[in-house]
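Subject: A structure to look at, with notes

Hello,

Here is the structure that I promised to pass on. Please have it open while you read the notes that follow it.

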Amino acid sequence: MEPPARPRRVTIIDVARHAQVSTTTVSKVLRNAYGASPEMRAKVRRAIDELGYRPLAAARGLRGQTYTIGVMLPDIRNPFFPEILDGITDRLADTDYQVFLGPGCNGEKEEARVTEAMIDRGMDGLVLIAPISPRDHLEHIASVVPTVVVGRHGHSPVYDTVTDDDVTGAALIVGHLADLGHRRIAHIEHHESDPTRIAEMPNALRADGYRRAMRSLGLAEEIDVVSTSYTQQGGYEGAKELLARPRLPTAVFAGADIVAMGVLEAFAEAGLSVPGDISVAGYDNTTFAAFGPISLTSVDQAGHEIGGNAARLLLERIADRQKAPVQVKLSPTLVPRRTTAMINSS
């Protein structure tokens, strides 16, 4: 018994015959080009819907656009990045663009592999979220394809950026904890050694903001920074390091909500009550932070708005490759919840 024949793909010729127009007219409608009347466009669109026609992406690429946007995510486990992605997809919802994701895996080689694959596949633009690649590599990418960099400070003549004011955000947390009477406020940061990344990456700026805020409040001698990673495991290891200290801090500022997850886990294992024994604050205001049983105090950096701005800037750069670069910096807000409280003086 012969296997059933594969259904034939609907072609532009089929659409033209069904709509009773020329293939040139169908092509103009697909390219949104001048020369097709509203009535013709309606007939073609109706035929496309009725036949289920889908143009080949490769063919669209040969005509100059694939209507695809590549988004590089550094860590698919971090609950903050979907907030940015939602903002991107919502902004693109009324366009012909489709988003494709690629994991950067927090590594320079992995980032290069993902971005090169996106370029090779003719994507019209890229959004790179918190890339750790060297500046010259980012500028090389942006010279090839329109690019917006999210979550990395600094300026470039060839790509746009969208960031949160991480120094201010860190100061909001430290000020909040100090207002609750805390002086021994520790910070868990993502270890950074590259000079450019220290100047540009949000984790480094949050650590700098923490130190500045502690000094401004007269708490310079209480500065206590543990360097691990912006992961749940990093938060767990950082909390374990704090637990081994002769004197435990009364509050911990975790550099990201995913870090706070590990901190809370370690403190629970140690039998500590949050916030009864120790207060904990995060950064990102993820769905995890807002989850009722957790109720984590956090900084909201408006991930959805970050994503929306990134998509807007990318569409503008796709339309005009020569436009002046734009830097958008959003102002964070503090969202106090139940994991922070007045210091227990007993």
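In strand E3 (residues 125–129), Leu126 is the residue that stands opposite Gly70, and Gly70 belongs to strand E1, which pairs with E3 in the parallel sense over four bridges. Two strands are said to pair if DSSP finds at least two bridges between them, while the strands (E, at least two residues) and helices (H or I, at least four residues) are themselves DSSP runs, numbered from the N terminus.

Before going on, please note that this is a predicted model, in which local features need pLDDT of at least 70 and side-chain atom pairs count only at pLDDT 80 or more, whereas totals for chains, interfaces and linings use all residues. Residues are numbered from 1 along each chain as its sequence is written, and side-chain values use heavy atoms, with hydrogens and water left out.

Strand E1 (residues 68–73) also pairs with strand E2 (residues 98–103), again in the parallel sense, over six bridges, and Thr68 has Gln98 in E2 as its bridge partner. As for its surroundings, E1 is mostly covered, with six of its six residues buried, where buried means under 20% relative accessible area with a 1.4 Å probe, protein chains only. In a regular strand the side chains alternate between the two faces of the sheet. In E1, Thr68, Gly70 and Met72 point one way, and Ile69, Val71 and Leu73 point the other way.

Turning to the helices, helix H2 (residues 23–30) packs against helix H3 (residues 38–51) at an angle of about 90°, and their axes are 10 Å apart; these axes are lines fitted to C-alpha atoms, for helices over the stretch in contact, and angles run from 0 to 180 degrees between N-to-C directions. H2 is therefore roughly perpendicular to H3, a term that covers angles of 65 to 115 degrees. Among the residues of H2 that meet H3 are Val26 and Leu30, and those on the H3 side include Val44 and Ile48, with contact meaning heavy atoms within 4.5 Å.

There is also an open sheet of four strands, in the order E7-E6-E8-E9, with parallel pairing. Strand E7 (224–228) and strand E9 (279–281) stand at its edges, and because each has a single partner strand, one side of each is left without a neighbour in the sheet. Within this sheet, strand E8 (residues 251–254) is joined to E9 by three bridges, and Val252 stands opposite Val280 in E9.

Best wishes

Definitions and conventions:
Parallel < 35°, antiparallel > 145°, perpendicular 65-115°, else oblique. Buried < 20%, exposed > 50% of the residue type's maximum accessible area, 1.4 Å probe, protein only.
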